[in-house]
Amino acid sequence: MKPLISPDEARRIVLLHSAPLAPIVLPHAEVLGFTLSQDMVANDDLPPFDNSSMDGYALLADDTRDASPESPKTLPVVGIVAAGSAIEYSIEAGRCAKIMTGAPIPAGADAVLMREDTNEQDVALSGRVQILAPAKPGENIRRRGSDVRQGEIVIPRGTLVRAAQWGMLASLGSAQVEVFPRPRVGLITTGDELVGLEAMLQAGQIRDSNSWTLRAMAQNCGAVVEPRKVSDDAEELRQALLSMFEMCDIVVTSGGVSAGDFDAVRDVVPTIADLQFWKIAMKPGKPVMFATRQEGARKIPIFGLPGNPVSVMVAFEQFVRPALLQMQGRSKWKRAQLRVRVLDSFRSSDGRTEFARAVASQEESGEWTARVQSDQGSGRLSTMTNANALLVVPAAMTQVNAGDVLMAEIID
Ligand code: AMP
Ligand code: MG
């Protein structure tokens, strides 16, 4: 028998066949959660003008030398500069202007003394403010271009637009943004035994949970999901696959991919697509099938995931997620990995990488530990509902002992 490929090798093959989709242009208001397909270059300096970082008084630092609460200096206030003000003040030596945070620095001024270092009691009557502390030249002035310089790459392509990036795009005045589209995922759930939430359970039936876990995982990757439920009938599955090929960028199936008599995915997919691999040296998730379908100019990755509720999630996490992120041009798709001290002992299968569901947490000491639930049955969805990490047990390791240090992928 041919040795099974490793999860890393399987992922390498998957990524080879999951090319980024053709970019689209969207209005700024719609790009949250999309990935940039171009470097964002600044057309302007940010901030666009020298401005105050404090509420206080714009002045010449030289005029405040040796000022203290005991021997204050007194300066006439020639005006008030508000944020948004377009008035161009000019300050001469021996004078100052009241200034608000974000307001443009008047010409001539070289510092802003914060309000707390002044005494404003007499301002209304005398038009003069008392300076209680010396200002340093440049103090509390945000220089033009100090955040971003014109021409600089501010956000590289392949970056997900999250809160900070969305705001930065607005600061840069990017009204139209070029991004990778959301991949459309055809999600086919197979199984004669499966019924929905509304049905009364008949003998032998169970409720379909994979449609929901997979939909959530795909959406969390930025994809849009086209769901479909089919029976274990090969022809019905074939038709569903063919129509998904027309509509979707990627197809994911659940169930029907292992050694059973009615495992239709296993039989049908290789007849309408190019089989890339079937079965991976991992646990859970061994029967994963991967194929590609050439549909005109488009190459569609097809993932046949096993039906067991845990296997399907672990396999999605290991292979479909990287594919979806790469299709969106994401430069980073790896999960954060932590070194954890394992708190429980357990046996692990030989020759297969095990992804054990774990609860990783940080101890008072700062060290990360992982609790591993003893029954890791691949049908037990409850092992996933508690887990926030997948503990990676290398293929050659058959026994994990409490105290061992392993890597954990943080999936939450
Ligand atoms: P299969 O891979 O089709 O042989 O399914 C393996 C196991 O997973 C069986 O016990 C199925 O009943 C169960 N299963 C398959 N699909 C689903 C699903 N969508 N939701 C919950 N359990 C499922
Ligand atoms: Mg089945």
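Q: Why are helices H1 and H7 called roughly parallel to each other?
A: In this predicted model, helix H1 (residues 7-16) and helix H7 (residues 309-327) pack at an angle of about 30 degrees. Angles under 35 degrees count as roughly parallel, and H1 and H7 are therefore roughly parallel to each other. Their axes are 9 Å apart, and the crossing of H1 and H7 is right-handed.

Q: What makes H5 oblique to H6?
A: The axes of helix H5 (residues 234-247) and helix H6 (residues 264-272) cross at roughly 50 degrees and come within 10 Å. The roughly parallel class is for angles under 35 degrees and the roughly perpendicular class for 65 to 115, so H5 is oblique to H6. H5 passes H6 in a right-handed crossing.

Q: How do you know that the side chain of Glu193 makes a polar contact with ligand 1?
A: A polar contact is a pair of N or O atoms within 3.5 Å. An N or O atom in the side chain of Glu193 is 2.6 Å from an oxygen atom of ligand 1, so this pair meets the cut-off.

Q: What makes Asp208 and Gly307 polar contacts of ligand 1 as well?
A: For Asp208, a polar side-chain atom lies 2.8 Å from a nitrogen atom of ligand 1. For Gly307, a backbone N or O atom lies 2.9 Å from an oxygen atom of the ligand. Both pairs are within 3.5 Å and therefore count as polar contacts. The protein covers 77% of the 480 Å² of accessible area that ligand 1 has on its own. Strand E14 (184-190) and strand E16 (206-207) are the elements that give two or more residues to the shell around the ligand.

Q: Which residues come nearest to ligand 1, and how is its shell made up by class?
A: Glu193, Asp208, Ser209, Gly256 and Gly307 come nearest, out of 16 residues around ligand 1. By class, the shell has three nonpolar, nine polar and four charged residues.

Q: What makes the Leu46 to Pro47 and Lys283 to Pro284 bonds notable?
A: Most peptide bonds are trans. The bond joining Leu46 and Pro47 is cis, with omega about -10 degrees, and the one from Lys283 to Pro284 is also cis, with omega near -5 degrees. Pro47 is found in the loop between strand E3 (40-41) and strand E4 (51-52), while Pro284 lies in the loop between strand E20 (282-283) and strand E21 (289-295).

Q: What makes the phi of Asp66 notable?
A: Most residues other than glycine have a negative phi. Asp66 is not a glycine, yet has a positive phi of about 65 degrees. Asp66 is found in the loop between strand E5 (56-59) and strand E6 (73-81).

Technical notes: Residues are numbered from 1 along each chain as its sequence is written. Chains are lettered from A and ligands numbered from 1 in the order in which they are written. This is a predicted model: local features need pLDDT of at least 70, side-chain atom pairs count only at pLDDT 80 or more; totals for chains, interfaces and linings use all residues. Side-chain values use heavy atoms; hydrogens and water are left out. A residue is near a molecule or strand if one of its heavy atoms lies within 4 Å of it. A polar contact is a pair of N or O atoms within 3.5 Å; within protein, one must be able to donate a hydrogen and the other to accept it, and residues adjacent in sequence count only if both atoms are side-chain atoms. Accessible areas come from the Shrake-Rupley method with a 1.4 Å probe; for residues, only the protein chains shown count as cover. Helices (H or I, at least four residues) and strands (E, at least two) are DSSP runs, numbered from the N terminus. Ala, Val, Leu, Ile, Met, Phe, Trp, Tyr, Cys and Pro count as nonpolar, Asp, Glu, Lys and Arg as charged, and the others, Gly among them, as polar. Axes are lines fitted to C-alpha atoms, for helices over the stretch in contact, and angles run from 0 to 180 degrees between N-to-C directions. Angles under 35 degrees count as roughly parallel, over 145 as roughly antiparallel, 65 to 115 as roughly perpendicular and the rest as oblique. A crossing is left-handed if the near helix is turned anticlockwise from the far one by less than a right angle, and right-handed if clockwise.
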